[in-house]
Every structure is written in structure tokens, then in C-alpha cells.
Amino acid sequence: LLVSSSSPAFAAPVESEKVKTLTEDQAVERLKEGRESLQYLLENYDKICEGGGDNVRRYLGTVGTSSGLVGVGKVMKSLSDRA
């Protein structure tokens, strides 16, 4: 049995999805963590690739939350006035 709807479903943003403002010190620290994650990825790329594409994306911060690059866009935006 297939059920179809003519209108798409839209999810309302929940409170936890709101962007948290970073202080400049927090943003600088997060940027340093991101740089370390990227440097590790570059130095160990062949080994990391053995784990597949998701493993590479983990280091890039697009899969999971352990990379220093997670949310790097928010970090860069926080530091844009400083540049």
C-alpha cells in the first residue's frame, strides 16, 4: 500500500537547532582544532582512505561530530570582523 501526499512535509526548526553564538576566543580555539584535523587528514590521507569515504568525511566534519571542522562555517562567520 503506497500513500501519497500532494503537499510536501516541512519540519519546523526546533529550539536545539538555533545557532549558538561563539565568543571570539571560542571561535579561535575551534579554528585551531579545525586546522589540526585538516593537517592530520592531509598527513594520513592514504591510511584514512582505507576506511572509506565516510571516514574521510568524518575528518572533514561532514559525518559525525568528532572533527575539529564540524561547524567551521559558523566559526569563520564569527571571526569575519576580525579579518
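## Close-up views of a four-helix chain

**View 1. The whole chain is built from helices, with 4 helices and 0 strands in its secondary structure.** Please keep in mind that this is a predicted model. Following the sequence from start to end, you meet the pattern α-α-α-α. Of the 83 residues in the chain, 17% are buried. The chain exposes about 7,000 Å², and carbon and sulfur atoms supply 53% of that area. Now look at contacts between residues with a separation of 6 or more: 51% of them join residues 24 or more positions apart.

**View 2. Here is the largest nonpolar core, a group of 5 residues.** Its members are Leu22, Ala27, Val28, Val75 and Leu79. Two elements, α1 (24-43) and α4 (72-79), each give two or more residues to this core.

**View 3. This view centres on Leu79, one of the core residues.** Which residues does Leu79 contact, leaving aside its neighbours within four places in sequence? They are Glu24, Ala27, Val28 and Leu31. Among them, Ala27 and Val28 also belong to the largest nonpolar core.

**View 4. The structure holds 1 salt bridge, and you can find it in this view.** Arg57 pairs with Asp54, and their closest N and O atoms are 2.6 Å apart. Both residues sit in helix α3 (residues 53-60), where 3 residues, about one turn of the helix, separate their positions. Are these two partners buried, partly exposed or exposed? Arg57 is partly exposed, with a relative accessible area of 38%. Asp54 is also partly exposed, at 39%.

Conventions
Residues are numbered from 1 along each chain as its sequence is written. This is a predicted model: local features need pLDDT of at least 70, side-chain atom pairs count only at pLDDT 80 or more; totals for chains, interfaces and linings use all residues. Side-chain values use heavy atoms; hydrogens and water are left out. Buried means under 20% relative accessible area, exposed over 50%, partly exposed in between (1.4 Å probe, protein chains only). Contact means heavy atoms within 4.5 Å. Accessible areas come from the Shrake-Rupley method with a 1.4 Å probe; for residues, only the protein chains shown count as cover. A nonpolar core is a set of buried Ala, Val, Leu, Ile, Met, Phe, Trp, Tyr and Cys residues joined through side-chain atoms within 4.5 Å. A salt bridge is a side-chain nitrogen of Lys or Arg within 4 Å of a carboxyl oxygen of Asp or Glu.
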